[in-house]
Amino acid sequence: MRHYPLFADLRDRPVLLAGAGKVAERKAESLLSAGARVRVVAETLNPQFQQWVTEGKIVWLGGLFEEAMLDEVYFVIAATDNGMFNRRVFEVAERRAKLCNTVDTADLCSFIVPAVVDRGSLKIAISSAGTAPVLARKWRQIIETLIPLHTGTMARIAGKWREKVKQTIHHVERRRYFWEKLFDSRFSIFAAQNNIEAAERELITQLNRETPFGGEVVLVGAGPGDPGLLTIHALQAIQAADTVFYDALVSDEILAMVRKDAVKISVGKRAGAHHVQQEETNRLLVEHAQKGERVVRLKGGDPFVFGRGGEEVQTLHQAGIAYRIVPGITAALGATAYAGIPLTHRDCAQSALFVTGHSKHEGSQPDWQTLALSRQTLVIYMGTLKAAEIAGKLMAYGRQPSTPVAVISNGTLPNQTVRTGRLKDLGLLAAEAERPALMVIGEVVALRDEMKWFGEFVECYEEAA
């Protein structure tokens with residue numbers, strides 16, 4: 001993260017503004033609304049600046065910029081149409097360790113002024129780190145439509161009662177839970193009606209009947225890796241959690257979306273590597289929930305597709321712990337879609353089977369005759385270590401050695417790789433693939449050449465001509 005986001009309190013604090021044209025006028029309006037004491041250096045003033053000077057709202061320092069002008073100010077904004085002048089202001093600010101923003105010149109900025117959604121006490125800032133201001137403004141417009149106007153009213157009332165609630169509810173998690181319930185209740189309706197008295201009555205009613213908060217566990221499917229594939233429920237759950245137990249398959253980008261003050265604990269499992277035993281994970285989920293925490297069990301893909309979510313739910317049920325399930329996009333759906341491989345197609349696959357490459361019961365065998373049927377797609381999780389054996393069994397039960405196959409590593413992520421070839425070569429393809437990987441077997445793989453769309457590095461293993 002190149003830029004550190006913050007909101008500055010400028011009430012009655014001096015700020016230097018270089019420029020007095022239309023662009024500088026917009027900057028001055030924002031500074032004045034924040035309560036700053038604006039000092040302006042400019043050769044000439046436009047009519048609005050002249051009016052502000054007359055009204056005593058700003059101080060005009062004249063047209064000659066001097067280093068001493070930065071002595072007492074918090075920061076400086078350069079908003080003139082003179083590039084050399086703007087650069088000099090920035091260089092002086094750098095020498096004096098003062099923050100400087102130069103309008104529309106990213107390399108002359110030590111801070112960025114974001115696009116802002118303003119709801120009174122609640123403000124949302126969007127920044128592109130100076131790379132694409134128009135894109136930041138576009139997202140501000142989108143977010144504007146999502147944030148109700150009365151949100152600021154709710155924030156103002158909450159601020160008034162925050163200390164009282166803190167004195168009444170001492171436990172941090174219970175207090176957070178109280179606010180979340182309040183904001184989703186009739187309190188929001190009264191605030192939207194601007195009925196402040198009724199909104200405060202509702203707050204008092206809920207505060208007086210507040211009961212001890214019992215913990216819960218939410219099993220959340222994080223999807224195959226791309227954070228854009230998270231569901232809204234998944235995002236809300238990880239941002240409300242007190243503790244998050246996550247798998248090795250959960251991407252760093254998704255972990256970065258977890259609430260900043262939440263405790264994150266890795267309980268990942270990788271073949272051949274040290275990992276937390278499932279029984280210990282079950283115990284930790286129960287233990288933390290019994291403390292009253294909101295616990296998220298964050299799993300790659302979907303919790304109920306080879307994710308052992310069923311075992312964890314059984315444990316929670318037996319312990320009397322409240323739980324919810326948030327489905328995720330499983331790798332068989334996400335990785336194949338990003339690889340340009342349809343799981344079904346009317347011309348070549350009327351069914352798709354998801355199977356695991358290893359079983360809890362050593363020595364147990366799948367129904368190879370069913371798995372080897374043609375005109376179906378076979379997706380194998382956690383099977384790369386046994387790829388050669390799997391290919392041999394399928395061919396022994398009738399699947400053609402020339403059947404198209406793909407091995408997908410890091411599916412849906414920027415470093416996704418897809419290796420394609422024939423069933424007889426599956427062992428070699430899997431040995432060369434980065435793990436974890438997903439194996440896809442079936443005629444649909446041949447459609448990838450015309451359907452691939454996601455940027456990637458591709459390796460193909462084909463027979464020599």
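**Exercise 1.** Is Glu-72 buried, partly exposed or exposed, and at what relative accessibility?

*Solution.* The model is predicted: local features need pLDDT of at least 70 and side-chain atom pairs count only at pLDDT 80 or more, while totals for chains, interfaces and linings use all residues. Residues are numbered from 1 along each chain as its sequence is written, and side-chain values use heavy atoms, with hydrogens and water left out.

Step 1. Buried means under 20% relative accessible area, exposed over 50%, and partly exposed in between (1.4 Å probe, protein chains only).
Step 2. Glu-72 has 56% relative accessibility, so Glu-72 counts as exposed.

**Exercise 2.** Find the salt-bridge partner of Glu-72 and place both residues in the chain.

*Solution.* Step 1. A salt bridge needs a side-chain nitrogen of Lys or Arg within 4 Å of a carboxyl oxygen of Asp or Glu. By this rule there are 30 salt bridges.
Step 2. Glu-72 pairs with Arg-39, at 3.5 Å from N to O.
Step 3. Arg-39 is in strand E2 (residues 37–41) and Glu-72 in the loop between strand E3 (58–60) and strand E4 (75–78); the pair, 33 residues apart, links distant parts of the chain. Helices (H or I, at least four residues) and strands (E, at least two) are DSSP runs, numbered from the N terminus.

**Exercise 3.** Describe the salt bridge within helix H11, then the network of shared partners.

*Solution.* Step 1. Arg-283 and Glu-287 form a salt bridge of 2.5 Å, N to O.
Step 2. Both residues belong to helix H11 (residues 278–290), four residues apart, about one turn of the helix.
Step 3. Arg-283 is partly exposed at 40% relative accessible area, and Glu-287 is partly exposed at 27%.
Step 4. A network of salt bridges with shared partners joins Arg-176, Glu-180, Asp-242, Arg-259, Asp-261 and Arg-294.
Step 5. Within the network, the closest N and O atoms of Arg-259 and Asp-261 are 2.4 Å apart. Arg-259 is buried, at 17% relative accessibility.

**Exercise 4.** Characterise the surroundings of Gln-376.

*Solution.* Step 1. Gln-376 sits in the loop between helix H14 (368–371) and strand E14 (377–381).
Step 2. With a relative accessible area of 5%, Gln-376 is buried.
Step 3. A polar atom of the Gln-376 side chain lies 2.8 Å from the backbone oxygen of Thr-370; for the backbone oxygen of Leu-371 the distance to a polar atom of that side chain is 3.2 Å.
Step 4. Contact means heavy atoms within 4.5 Å. Leaving aside neighbours within four places in sequence, the contacts of Gln-376 include Cys-348, Arg-399 and Glu-443.

How values were computed. A polar contact is a pair of N or O atoms within 3.5 Å; within protein, one must be able to donate a hydrogen and the other to accept it, and residues adjacent in sequence count only if both atoms are side-chain atoms.
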